[in-house]
Amino acid sequence: MDYREYDRIQVVLGGIGDDLRHEMKEILGKSTADAKTKALVDNACTRISKSIDELALLISQVMTASTK
């Protein structure tokens with residue numbers, strides 16, 4: 001397995017989730033939406049970023065398994 005490529009993929013996928021969390025907090029901070037709507041959007045974004053993290057883990061497991 002090309003460990004540099006493995007590391008690169010993990011960093012990119014991790015960055016996607018982190019960027020989403022950061023950007024959504026900024027957007028929600030500037031939003032004039034009511035608190036209930038902000039909470040709903042925040043919860044949805046948290047779930048999406050967790051799904052991205054889960055996807056990164058699955059890809060990691062597949063890449064690791066393919067070398068055995």
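**Figure 1. How much of the chain is buried in this predicted model.** Buried residues account for 16% of the 68 residues in the protein chain. The chain's accessible surface is about 5,100 Å², and carbon and sulfur atoms own 62% of that. As for secondary structure, you'll find two helices and zero strands here. The radius of gyration is 16 Å, well over the 11 Å expected from the globule rule for 68 residues, so the chain is more spread out than a compact globule. Laid along the principal axes, the C-alpha atoms fill a box of roughly 50 × 15 × 5 Å.

**Figure 2. Helix H1 alongside helix H2.** H1 takes in residues 3-30, and H2 takes in residues 35-65. Their axes come within 10 Å and cross at roughly 180°. Since the cut-off for "roughly antiparallel" is an angle over 145 degrees, that crossing makes H1 roughly antiparallel to H2. Sort the residues of the H1 contact with H2 by type and you get 14 nonpolar, five polar and six charged. Sequence separation is worth a look too: take the contacts in the chain between residues at least 6 apart in sequence, and 75% of them join residues at least 24 apart.

**Figure 3. Ser 49, a buried serine in H2.** Ser 49 sits in helix H2. Its relative accessibility is just 1%, so it counts as buried, the cut-off being under 20%. Who does it meet, once neighbours within four places in sequence are set aside? Gly 17, Leu 20 and Arg 21 are its contacts. For a sense of scale, the C-alpha atoms of Ser 49 and Leu 28 are separated by 15 Å, with their positions 21 residues apart along the chain.

**Figure 4. Ile 52 and its contacts.** Ile 52 also belongs to helix H2. At 17% relative accessibility, Ile 52 falls under the 20% cut-off and therefore counts as buried. Leaving out residues up to four places away in sequence, Ile 52 touches Leu 13, Ile 16, Gly 17 and Leu 20. Gly 17 and Leu 20 may ring a bell, as they are among the contacts of Ser 49. Looking along the chain instead, Ile 52 and Asp 42 are ten residues apart, and their C-alpha atoms are separated by 15 Å.

**Figure 5. Ser 60, another buried serine.** Ser 60 is placed in helix H2. Is Ser 60 buried or exposed? With a relative accessible area of 12%, it is buried. Skip the neighbours within four places in sequence, and Ser 60 is in contact with Tyr 6 and Gln 10.

**Figure 6. Ile 9, seen from the H1 side of the pairing.** Here the central residue is Ile 9, found in helix H1. Ile 9 has a relative accessibility of 21%, so it counts as partly exposed, that class running from 20% to 50%. Not counting residues up to four places away in sequence, Ile 9 touches Ile 59 and Met 63. Ile 9 and Ile 59 are 50 residues apart in sequence, yet 8.8 Å apart in space, C-alpha to C-alpha.

Note on methods
Residues are numbered from 1 along each chain as its sequence is written. This is a predicted model: local features need pLDDT of at least 70, side-chain atom pairs count only at pLDDT 80 or more; totals for chains, interfaces and linings use all residues. Side-chain values use heavy atoms; hydrogens and water are left out. Helices (H or I, at least four residues) and strands (E, at least two) are DSSP runs, numbered from the N terminus. Buried means under 20% relative accessible area, exposed over 50%, partly exposed in between (1.4 Å probe, protein chains only). Contact means heavy atoms within 4.5 Å. Axes are lines fitted to C-alpha atoms, for helices over the stretch in contact, and angles run from 0 to 180 degrees between N-to-C directions. Angles under 35 degrees count as roughly parallel, over 145 as roughly antiparallel, 65 to 115 as roughly perpendicular and the rest as oblique. Ala, Val, Leu, Ile, Met, Phe, Trp, Tyr, Cys and Pro count as nonpolar, Asp, Glu, Lys and Arg as charged, and the others, Gly among them, as polar. The radius of gyration is taken over C-alpha atoms; the globule rule is 2.2 Å times the number of residues to the power 0.38. Accessible areas come from the Shrake-Rupley method with a 1.4 Å probe; for residues, only the protein chains shown count as cover.
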